[in-house]
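These exercises are meant for a reader who is meeting this structure for the first time. Work through each task before reading the solution beneath it.

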Amino acid sequence: MNSRNRFLGLALAAAAGARAGCGDSGSSAVEPAQAAEKSPAPAAAAIVPPALPAAVATAAAPAGVAPVVAPPVEGGPAYDPAKATGGIKATVKYTGNLPKMRPVKFDADPECGKQHTSAVPEETVAGKDGKLQNVIVYVSKGFEKWSYKAPADPVVLDQKGCMYVPHVFTVMAGQPIAIKNSDPVMHNVHAIPKVNKEFNRSQLKGSKDLSEKFDKPELPVIIKCDVHGWMKSWAGVFAHPFHAVTGEDGTAAIKLPAGEYEISVWHEKLAVPAMQKVTVAEGAVKDVEFTFEIK
Ligand SMILES: [Cu+2]
C-alpha cells in the first residue's frame, strides 16, 4: 500500500470511528452536529494527503477540508522556539444561529449538582457575539522541516464541578497530561483514541494527579467520564507546538518563525471551513479569520 492509500485508509477509519464515538451522550442534541456526524463518504474524499511519509490523520468534520495531523519529516534540524518571532492571531467567527446550549443535568450524581448554584450550559457549541469558542487552530503544513521535542511541562486537565476543564485542549505528542480531580466525587477518565493507546482510569476524590500522554499525533481524541455521562473533553495531539484553542473571544494565537504555512481549524460538532495559506514575516503577527457557517 502506498503512503497515499495508507493515509486515506487511516483517515477513513478514523472518520468512521469519530462518528461512532461521539453520538452517545444523550446530553447534546445539536442539529448541525448531527448532520456533520452523519455525513458519509464525501468527508473522507475531501481529505488532502500531505506529501509526507507515514502520515497520520483523522477527520471529524466533513466540509471543504479535513484535519491533517502529520508527523514531521524525521531528521530535520531541531526546532528553535527563539526563532518564532512572528505568528498568527486567528479570529474564529460564525454565521447563523448558535444552537441553544441546554443546561447539563447533574441528576445522576447529586454531589455534582451541589457544586453549582446556577445552571451550567453545555459547552458543545459555545460562543458569543459572532465569535466561536473551543475551536482548535493549528498549522497543518509548513512545520515539516524541523524536528521537535515534546515539553516536559504537563498540560493540565482538571475535573471540577463534574465538568472537564478545559473542554477542548491541545498537547504535543509525548507531552505529559496531568489529570486532576478537584471534586469530592470519584471520576473515571476514559480516553478513546483511534491511533493512540486507550486509557481508562478511575480517580477517587482527593487522589493525586494522574499522568498520561499520547504518543502520536491525532485529532481529535475524546476523553470521557464513565461515571458521569455528560463529562467530555476533546484533545488535539500534534507533532509540533503550533496549535491553540479559541477562547471566549473567539481568538487564538500561535507563535511562528517567518515562513509560509497552512492553517486549519477543527470543531467538535461543526463542519470546518477550508484551510488558509498565510505568510508570516519576521516579527509580525498575521491576522487570519475563519468563519463557520451554522445552518
Ligand atoms: Cu465523572
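**Exercise 1. Is Asn-134 buried or exposed, and why?**

Solution. Keep in mind from the start that the model is a predicted one. Begin by locating the residue: Asn-134 sits in the loop between β3 and β4. Next, count its surroundings, where 24 other C-beta atoms lie within 10 Å of Asn-134. The cut-off for a buried residue is 20 or more such atoms, and Asn-134 is therefore buried, with its 24. Finally, look at the backbone, where Asn-134 has a positive phi of about 65 degrees although it is not a glycine.

**Exercise 2. Determine whether Asp-129 is buried or exposed, and describe its backbone.**

Solution. The first step is again to find the place of the residue, and Asp-129 belongs to the loop between β2 (127–128) and β3 (131–132). The second step is the count: Asp-129 has 8 other C-beta atoms within 10 Å, so it is exposed, since the limit for an exposed residue is 12 or fewer. The third step concerns phi, which for Asp-129 is near 50 degrees, a positive value in a residue other than glycine.

**Exercise 3. Describe the open sheet that contains β14, and say which strands form its edges.**

Solution. Start with the order of the 4 strands, which is β14-β4-β16-β17, with antiparallel pairing in an open sheet. The edge strands are β14 (243–245) and β17 (276–280), each of which pairs on one side only. On average, neighbouring strands of this sheet are turned by 35 degrees against each other, direction ignored. One pairing can then be followed in detail: β4 and β14 are joined in the antiparallel sense by 3 bridges, and Val-137 stands opposite Ala-244 in β14.

The strand β4 (136–141) also leads to a further residue, because the loop between β4 and β5 (155–160) holds Glu-144. Glu-144 is partly exposed, with 17 other C-beta atoms within 10 Å. Although Glu-144 and Ala-239 are 95 residues apart along the chain, their C-alpha atoms are separated by 9.5 Å.

**Exercise 4. Give the strand order of the open sheet that contains β7, and follow one of its pairings.**

Solution. The order of the 5 strands is β7-β13-β12-β9-β10, and the pairing in this open sheet is mixed. At the edges lie β7 (168–172) and β10 (199–203), each pairing on one side only. Neighbouring strands here are turned against each other by 25 degrees on average, direction ignored. For the chosen pairing, take strand β9 (residues 187–192) and strand β12 (residues 218–225), which run antiparallel and are joined by 4 bridges. Within this pairing, Val-189 stands opposite Cys-225 in β12.

**Exercise 5. Where are the cis peptide bonds that precede Pro-166 and Pro-220?**

Solution. Take Pro-166 to begin with: the peptide bond from Val-165 to Pro-166 is cis, with omega near 5 degrees, and Pro-166 is placed in the loop between β6 (163–165) and β7. Then turn to Pro-220, which a cis peptide bond joins to Leu-219, with omega about -5 degrees; Pro-220 is found in strand β12.

**Exercise 6. How many helices and strands does the protein have, and what share of its residues is buried?**

Solution. The protein has 4 helices and 18 strands. Of its 295 residues, 42% are buried. As a last step, consider the contacts with a separation of 6 or more, of which 69% are made by residues 24 or more positions apart.

Note on methods:
Residues numbered from 1 in each chain as written. Predicted model: local features only at pLDDT ≥ 70, side-chain atom pairs only at ≥ 80, totals over all residues. Pairing = 2+ DSSP bridges. Helix = DSSP H or I, 4+ residues; strand = E, 2+ residues; numbered from the N terminus. Axes fitted to C-alpha atoms, helices over the stretch in contact; angles between N-to-C directions. Contact = placed C-beta atoms within 7 Å.
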